[in-house]
Amino acid sequence: MNKILTLFSLALLTVLPVKGEDSDSLSICLQKGDSCMQQYNTFEALKYYQRAYELGKAVAGKQAKDTLKLPIEDLDKLPQEEADKIIDRLIAGAVKSATVPYYISAKLADCYYKRGNYFQCSELLKNTPEDSLSHESFRQLAYSYKKQDDTGSFIYWASQLVARYPMDGEMVAGLTLAFTQTEQPQNGIACAEKYCKVDTTNIEVNRALADAYFVDRQFPKATKIYERLLEQGDSTFNTLYSAGMCYTKTDSLERAYQCLKPALWLSKMQHANCAWRLGVVCVDTKRFEEGLGYLDLATQLLLPDTTTMKAITLSKGEAYYLTEHYDKAVEAWKEHLAYNPSSIATYYNIASAYYYYLPDGQMAKTYYEKFLNLARKEEKPTQQLTEMIEKAEMLLRTTNFGKRKTKK
């Protein structure tokens, strides 16, 4: 047994630094990190806190060694070499499992959070015992997962926080919305209703509760909450639009009109669905002229982006043509002309596809003629365009377009 104890003591002495060395350095690093944070210099603060974390890990490892209990009686029965290996493993395991004190990891996590490194923040805090987490750290942990689009983890940690701090309205609202977004509106309703038993004036919670009711198709209840919001002065687009939608579901068309019209103005006349719904409400309430105007607006807003569609349809046509799907290539090019009717080359490409690969000579003739009508108007045609014009003119002079053409 004395041999084992001597070996263990020597193992500790070989790794322990001068007394107080790490503790003093740790304190200095934390002080410097705090000073940088007070100046909003998270870049420099991060360096000091990371060093403090390393020192804290070392201190925690030493403490783990100091308090490690060895099964001396069992080890004393083993050969010395085997006992040495077991001691080494026990020491290494104790050091590895040692945790950095929360007051250190919380500072580093806060710095990570404020720098937008939400992954590192959550990695630090998730391994801290929940009972040790402060309210602020709890919020940072939950929101770090939200900012990483990990809704499941956000719901878990937000639920843990709300269980400890039930009057954190911002977190209650966030949790309610997360439940709603993950098709669990009933859980969101339960969460928000519990809060509202104490406080019915929190706008964020009321918004989240109203939306949860709406998604759960409890339109009369949703309407009451939206009315509560409007009474509280919440006249945002979302509240007005959602209230208007609720009124349409309960056949309160006049109220729907009174909400949807200002909502559309708040969107600067750019919200297609709002314009559409308002147009329908106007027609149903016999405001026909006004309704037609909103429906026309909705139609224009719902049209796809012309520039994007030009590029997409042109690329689709080329891809289909090069893979010998000529009928689909023609279909895509015709769609392209709907967005870009002045595309001279597209008329030529369609005509050529009909002439060489598809059984419709009349369509080939029609598109060659359309091509020439545009191409001849070009004041300075390129060499390539000139050659295309000459080819089209020759084909129109010499070809019987009533017959099917074979591949060139």
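This report looks at helix 10, the nonpolar cores and the cysteines of a predicted model.

Residues are numbered from 1 along each chain as its sequence is written. Local features need pLDDT of at least 70, side-chain atom pairs count only at pLDDT 80 or more, and totals for chains, interfaces and linings use all residues, while side-chain values use heavy atoms, with hydrogens and water left out.

Let's start with helix 10, residues 169-181 (helices are DSSP runs of H or I, at least four residues, numbered from the N terminus). Its 13 residues reach 18 Å from first C-alpha to last, close to the expected 18 Å, which is 1.5 Å times one less than the number of residues. Because 10 of those 13 residues are buried, helix 10 is largely enclosed by the rest of the structure; buried means under 20% relative accessible area (1.4 Å probe, protein chains only). The cover includes helices 8 (135-147), 9 (151-164), 11 (185-196) and 12 (203-215). After helix 10 comes Glu183, with a positive phi near 60°.

Met171, one of the buried residues of helix 10, also turns up in the largest nonpolar core: of its 73 residues, Phe154 and Met171 have the most contacts inside it. Such a core is a set of buried Ala, Val, Leu, Ile, Met, Phe, Trp, Tyr and Cys residues joined through side-chain atoms within 4.5 Å. Apart from it lies another core of 27 residues, among them Leu372 and Phe401.

As for cysteines, there are zero disulfides (sulfur pairs within 2.5 Å). Cys36 has Cys111 as its nearest cysteine sulfur, 8.9 Å away.

| Cysteine | Relative accessible area |
|---|---|
| Cys36 | 15%, buried |
| Cys274 | 0%, buried |

How values were computed
Buried < 20%, exposed > 50% of the residue type's maximum accessible area, 1.4 Å probe, protein only. Helix = DSSP H or I, 4+ residues; strand = E, 2+ residues; numbered from the N terminus. Contact = heavy atoms within 4.5 Å.
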